[in-house]
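Please open the model in a viewer and keep the selection panel at hand. The stops below are arranged so that each selection leads to the next.

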Amino acid sequence: MIPNCFGSDFGDEIDRYDVLTDKNNEFKIRVERIDGSIFLTKGLAALRDFYDISLSAWFTLVFMGLGKFQIKKLRSRINRKIMIPLFVPPMRFAVEKSFFPQFNQHGFPASVYDLSYRHDPATFEIFYEKHITSFDVTFGFVVSRMSFTYVKCYLCLDLH
Amino acid sequence: MDKKTTMLSLIDDCGSKWDCVVVFGTMSDKHYRIGGQWKRMVDSRRIHPGSYMIIGSPMPENHKIVYFSTRRL
């Protein structure tokens, strides 16, 4: 969450999506507003796996204008420096734009915890489970039998 | 999924979108080979062998966009 005082000053420069950048990589994150406060919701969890943050981390966001933030001074919870993984070409995370949550930008969700991104259970009406082998990880592709004949998973209940 | 499908958007549980190339019938029938950004997804999400991937789709007709979430062991 970005605090209210920032949102009142620079909130008009932030659109529905904003971009966090470190030295090379780029994260596109969806912005939702409740009562003037700005919440970065969808796509933010990609930072967790990308920087391998286990507990929590500290970082400074420098506002660059037009919905761009730069990530600086990335430190773990015990003030250790977090190494930025190197990807060539640099990683650009994108979010899917077709999905919109139940509440809109001016509505109030039931709780703030609804803001944290999760899959809609309706997207798992037809499901298929794949065991990831070392073959799938080391080579650049996965071979899968995606027939989608299994209907109505009960597992989608405990996905959250 | 249609046999003529060539592009597939995988949406992971962070909401990130990965554009993957799909080739049908490489090893044997009824198998799909998903390439493209798959390798970058595995590296950036730090997926290790042994974890499970649950693939889901909202509608029976449209499989251009496929949702998945991973569970680590």
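Which residue in β5(A) is the bridge partner of A:Leu61? Select A:Leu61 and look across to β5(A): the partner is A:Ile71. Bear in mind throughout that this is a predicted model.

**The hairpin of chain A**

Extend the selection to β4(A), residues 57-65, and to β5(A), residues 68-76. Seven bridges pair β4(A) with β5(A) in the antiparallel sense. The two strands make a hairpin in which two residues lie between them. In the turn, select A:Leu66, where phi is positive at about 55 degrees. Next, colour by burial: zero of the nine residues of β4(A) are buried, so this strand lies largely in the open.

**Confidence along chain A**

Now colour chain A by pLDDT. The mean for chain A is 75, and 78% of its residues reach 70 or more. Among the elements of this chain, β5(A) has the highest mean, 87, while β8(A) has the lowest, 74. Then select residues 148-160 of chain A, where the pLDDT is below 50. In the model, this stretch has 18 contacts beyond near neighbours in sequence.

**Where chain A touches chain B**

Display both chains and select the residues at their contact, which comprise 39 from chain A and 38 from chain B. On the side of chain A, at least two residues each come from α2 (46-50), β6 (92-95), β7 (126-131), α3 (134-138) and β8 (142-144). Of these, β7(A) provides the largest share, six residues. Colouring this side by residue class shows 22 nonpolar, nine polar and eight charged residues.

Strand pairing also crosses between the chains. Select β8(A) together with β3(B), residues 32-34: they run antiparallel and are joined by three bridges. Within this pair, A:Val142 stands opposite B:Ile34.

**Chain B and its helix**

Isolate chain B, which has one helix and five strands. In sequence order, its pattern is β-β-β-α-β-β. Of the 73 residues in this chain, 37% are buried.

Which residues of α1(B) are buried? Select B:Trp38, B:Met41, B:Val42, B:Ser44 and B:Arg45. Restore chain A to see what covers them: the cover includes α2, α3 and β8 of chain A, along with β2 and β3 of chain B. After the helix comes B:Arg46, with a positive phi near 55 degrees.

**The nonpolar cores**

Keep B:Trp38 and B:Ile34 selected and add B:Leu8, B:Leu10 and B:Cys20; these five have the most contacts inside the largest nonpolar core, which has 19 residues. This core draws at least two residues from each of β7 of chain A and, in chain B, β1 (7-11), β2 (16-24), β3, α1 (38-45) and β5 (65-71).

Centre the view on B:Leu10. Leaving aside residues up to four places away in sequence, B:Leu10 touches B:Trp18, B:Cys20, B:Val66 and B:Phe68.

For the final stop, turn to a second, separate core of 14 residues. Its members include A:Leu20, A:Phe50, A:Met91 and A:Tyr117.

Conventions: Residues numbered from 1 in each chain as written. Chains lettered and ligands numbered in written order. Predicted model: local features only at pLDDT ≥ 70, side-chain atom pairs only at ≥ 80, totals over all residues. Contact = placed C-beta atoms within 7 Å. Helix = DSSP H or I, 4+ residues; strand = E, 2+ residues; numbered from the N terminus. Nonpolar A, V, L, I, M, F, W, Y, C, P; charged D, E, K, R; others polar. Pairing = 2+ DSSP bridges. Core = buried A, V, L, I, M, F, W, Y, C linked by C-beta atoms within 7 Å. Buried ≥ 20, exposed ≤ 12 C-beta atoms within 10 Å, placed from the backbone. pLDDT = per-residue confidence, 0-100.
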